[in-house]
Amino acid sequence: MDSDATISKDWVDLAVKKLEKDRSVGALGGRIFDKDGLLTTTYSYFHVTGVCGLGAKREQDMGWYMWWPTSTLMARKDVVDKVGGFDDLYCYPVEDLDLCWKINIAGYKVRYHSKLNSVHI
C-alpha cells in the first residue's frame, strides 16, 4: 500500500476472505478513488505493444487482470516470495506491472473486487 493511500475499514477483511476462498488468486485490488471522491480505477489494461494503463469505464467483479496498482493491492506473501518480489531495477510506475506480470506467469490470478474501496492521492 502506498503511503498516500487509504482503505475502507472493511478492506482487509474483505480481501482476506476472497483470498481464502480461492487459492488461485495471487493478488487482489479494488476500486480506487481520487481525493475528490472521483472513481479513477476499475480496470487495467496491457497491450502487446507495451502500452498499459488504468480506467474507470467498466466494472467486472472478480474479473481477471494482467496487473493492478500496488497503491492498494493485497498479495499472498508466499506468491510474492515465489516470484521474487519487486525488481529493484524497476521504479514507479512500472514496478507494480512487473510484480503482477510475474504473479500471472507463476500461474496465479490478479483479481479485481468491487467491494474494496480505497483513496489514492
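Visitor: Is Lys77 buried or exposed?
Guide: In this predicted model, a residue counts as exposed when its relative accessible area is over 50%. Lys77 has a relative accessible area of 61%, and therefore Lys77 falls in the class called exposed.

Visitor: Which residue meets Lys77 in a salt bridge?
Guide: Side chains of opposite charge can pair when their charged atoms come close. Lys77 lies in helix H2, and its partner lies in that helix as well, 4 residues apart from Lys77, which is about one turn of the helix. The two side chains meet at 2.7 Å, N to O, and the partner of Lys77 is Asp81.

Visitor: How many residues apart in sequence are the parts that Arg23 and Asp78 tie together?
Guide: The side chains of Arg23 and Asp78 meet in a salt bridge of 3.4 Å, N to O. Arg23 lies in the loop between helix H1 (11-21) and strand E2 (25-33), whereas Asp78 lies in helix H2 (residues 77-83), so the pair ties together parts whose separation in sequence is 55 residues.

Visitor: Is Asp98, which forms a salt bridge with Lys102, buried or exposed?
Guide: Asp98 and Lys102 are 4 residues apart in helix H3 (residues 95-105), about one helical turn, and their closest N and O atoms are 3.5 Å apart. Buried means under 20% relative accessible area, and because the value for Asp98 is 13%, Asp98 is buried.

Visitor: What share of the residues in the protein chain is buried?
Guide: The protein chain has 3 helices and 8 strands. Of its 121 residues, the buried share is 42%.

Terms used: Residues numbered from 1 in each chain as written. Predicted model: local features only at pLDDT ≥ 70, side-chain atom pairs only at ≥ 80, totals over all residues. Heavy atoms only, no water. Helix = DSSP H or I, 4+ residues; strand = E, 2+ residues; numbered from the N terminus. Buried < 20%, exposed > 50% of the residue type's maximum accessible area, 1.4 Å probe, protein only. Salt bridge = Lys/Arg side-chain N within 4 Å of Asp/Glu carboxyl O.
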